[in-house]
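I am opening a fresh page for this protein. My plan is to go from the sheet to the helices and then to the whole chain.

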Amino acid sequence: MRGDLDKERRYLVPVSRLDRAGQPDVVVHLAVYEWLSMYQEWVTGPALCGYSAQQGPLEAGTVATCQACLEWKPRYERMLAPGYRPEDDDPEVLRRRLGEAENERDRLRAESEDQRKAKQTAAGAADRFRDALCEVLGYPDDNPGDDVLVAKLREHFGKTGPEATAWRDRMAGYEAVRDQISAAAREKGAGE
Ligand SMILES: [Zn+2]
């Protein structure tokens, strides 16, 4: 087992109780197992519950029976995991992160509500113009579609030649800008 261990890390292992008076009536505690470079040796510390324990881990897979050790276990597992940062257990830091996440969520909600309203307004205005066009061009009850309406309208005003496409170019321009912004945001996110 020791050959697989990373000397830079610490591990949680089962350890045996001390056969001594005054020890709790359990058989297996949990302890931190770490490499002490000063002694060039792997050693187990005291049990998580605070009692002493016999030196050296029990066979891997031995189940801890000390309730107090088991209650500490999740916290130690978090602390011993690679990449653990002490502030992950700091309630102040966690509260601040939660606050930031909530602000961001509220901001996104407000933004999406604004966009929903803007779309609704635009859709309402477009519907109104279509209805007015349908009425004046002789389709009071059924909308023949934008292509027919536009053709009829241009015909009515004697417009010939290709239809103006500035609106389509503007849409393409807006979309290009939006894609640029999200690509920059993705790059920034990946760089952090
Ligand atoms: Zn214990």
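**Entry 1: a term first.** I count two strands as paired if DSSP finds at least two bridges between them. With that settled, I looked at one position: W35 stands opposite W42 in β3. I also note that I am reading a predicted model.

**Entry 2: the sheet.** I asked which order the strands take in the sheet. The order is β1-β2-β3, in an open sheet of three strands with antiparallel pairing. The edges are β1 (10–16) and β3 (41–47), and each of these pairs on one side only. I checked the turn between neighbouring strands as well: on average it is 40°, direction ignored. As background, strands of a sheet pair through backbone hydrogen bonds, either parallel or antiparallel.

**Entry 3: the pairings.** I took β1 with β2 and found seven bridges in the antiparallel sense. One residue to look at here is V15, whose bridge partner in β2 is H29. Then I took β2, residues 28–36, with β3: this antiparallel pairing runs over five bridges. There A31 has A47 in β3 as its bridge partner.

**Entry 4: the hairpin loop.** β2 and β3 make a hairpin with four residues between the strands. Q40 sits in this loop between β2 and β3. I looked up its backbone angle: phi of Q40 is near 50°, a positive value in a residue other than glycine. Most residues other than glycine have a negative phi. Is Q40 buried or exposed? I found 8 other C-beta atoms within 10 Å of Q40. The cut-off for exposed is 12 or fewer, so Q40 is exposed.

**Entry 5: a helix on the sheet.** I went back to the sheet to see what packs on it. Helix α1, residues 67–80, does so, and touches β1, β2 and β3. The direction of α1 makes about 155° with that of β1.

**Entry 6: helix α2.** I moved on to α2, which covers residues 91–136. What span should its 46 residues have? At 1.5 Å a residue, I expect 68 Å. The end C-alpha atoms of α2 are 67 Å apart, so the two values agree. An α-helix has 3.6 residues a turn, so residues three or four places apart point the same way. I then checked burial along α2: the count of buried residues is zero, and the helix is hardly covered. Just after α2, I noted G138 with a positive phi of about 95°.

**Entry 7: the whole chain.** I listed the elements from the N terminus on and got β-β-β-α-α-α-α. That is four helices and three strands. The domain assignment gives domain 1 (2–84), domain 2 (89–161) and domain 3 (162–192). The C-alpha centres of domain 2 and domain 3 lie 18 Å apart.

**Entry 8: overall form.** I checked the extent last. The C-alpha trace spans about 105 × 35 × 30 Å along its principal axes. The radius of gyration is 35 Å, whereas a compact globule of 192 residues would have one near 16 Å. Buried residues make up 9% of the 192 residues. I also looked at contacts between residues at least 6 apart in sequence: 45% of these join residues at least 24 apart.

Notes: Residues numbered from 1 in each chain as written. Predicted model: local features only at pLDDT ≥ 70, side-chain atom pairs only at ≥ 80, totals over all residues. Helix = DSSP H or I, 4+ residues; strand = E, 2+ residues; numbered from the N terminus. Expected span 1.5 Å × (residues − 1). Buried ≥ 20, exposed ≤ 12 C-beta atoms within 10 Å, placed from the backbone. Domains from an automatic or database assignment. Rg over C-alpha atoms; globule rule 2.2 N^0.38 Å. Contact = placed C-beta atoms within 7 Å. Axes fitted to C-alpha atoms, helices over the stretch in contact; angles between N-to-C directions.
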